Amino acid sequence: MAGFLDRAKEQAQRGLTQGKQKLDDVQAQRAGGDLLKSLGAAYLAERRGSGSPQATQQALQALESHIATHGDSFLRA
């Protein structure tokens, strides 16, 4: 009986770990999308004369940092 409970506990722990990893992936995807949207807004504002090149550069750097940490899979989603 103890072996069964140990296996059940391991399986539950594995499920929790996989669920947390999936949640982290979804949150990283969402954050990447938000950063991409911010870059687009900064670029559009710059082109229309109400934004600055510095704001566009900051948005680009934030996006590049996110890509370096989490990858660029959100660009294909």
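**Two helices, questioned**

Modeller: The chain has two helices and zero strands; both kinds of element are DSSP runs, numbered from the N terminus, with H or I over at least four residues for a helix and E over at least two for a strand. This is a predicted model, where local features need pLDDT of at least 70 and side-chain atom pairs count only at pLDDT 80 or more, while totals for chains, interfaces and linings use all residues. Residues are numbered from 1 along each chain as its sequence is written, and side-chain values use heavy atoms, leaving out hydrogens and water.

Colleague: What makes the chain more spread out than a compact globule?

Modeller: Its radius of gyration is 20 Å, and the globule rule gives 11 Å for 77 residues, so the chain is well over that mark. The radius is taken over C-alpha atoms, and the rule is 2.2 Å times the number of residues to the power 0.38. Along its principal axes, the C-alpha trace spans about 70 × 15 × 15 Å.

Colleague: How do you know that the reach of helix 1 is close to what is expected?

Modeller: Helix 1 covers residues 2–48, which is 47 residues, and reaches 69 Å from first C-alpha to last. The expected span is 1.5 Å times one less than the number of residues, and for helix 1 that comes to 69 Å too. Just after helix 1, Gly49 takes a positive phi of about 90 degrees.

Colleague: Which residues of helix 1 are buried, and what do they pack against?

Modeller: Ala28, Gly32, Leu39 and Ala42 are the buried ones, and they pack against helix 2, residues 53–70.

Colleague: Why is Leu39 called buried?

Modeller: Buried means under 20% relative accessible area, exposed means over 50%, and partly exposed is in between (1.4 Å probe, protein chains only). Leu39 has 18%, so it counts as buried. Setting aside neighbours within four places in sequence, Leu39 is in contact (heavy atoms within 4.5 Å) with Thr56, Ala59, Leu60 and Leu63.

Colleague: And Leu35, also in helix 1: what makes it partly exposed?

Modeller: Its relative accessible area is 23%, so Leu35 goes into the partly exposed class. Leu35 still has contacts beyond its neighbours within four places in sequence: Ala62, Leu63 and His66. Its C-alpha is 12 Å from that of Gln57, 22 residues away in sequence.

Colleague: Over in helix 2, why is Thr56 called buried?

Modeller: Thr56 has a relative accessible area of 11%, so it is buried. With neighbours within four places left out, Thr56 is in contact with Leu39, Ala42, Tyr43 and Glu46.

Colleague: Ala55 sits in helix 2 as well; is it buried or partly exposed?

Modeller: Ala55 has 31%, so the call is partly exposed. The C-alpha atoms of Ala55 and Leu39, 16 residues apart along the chain, are separated by 8.6 Å. Ala55 and Ala28 are 27 residues apart in sequence and 22 Å apart in space, C-alpha to C-alpha.

Colleague: How much of the whole chain is buried, and what share of contacts comes from residues 24 or more positions apart?

Modeller: Buried residues make up 12% of the 77. Among contacts with a separation of 6 or more, residues 24 or more positions apart account for 52%.

Colleague: What area does the chain expose?

Modeller: About 6100 Å², with carbon and sulfur atoms supplying 54%. Accessible areas come from the Shrake-Rupley method with a 1.4 Å probe; for residues, only the protein chains shown count as cover.
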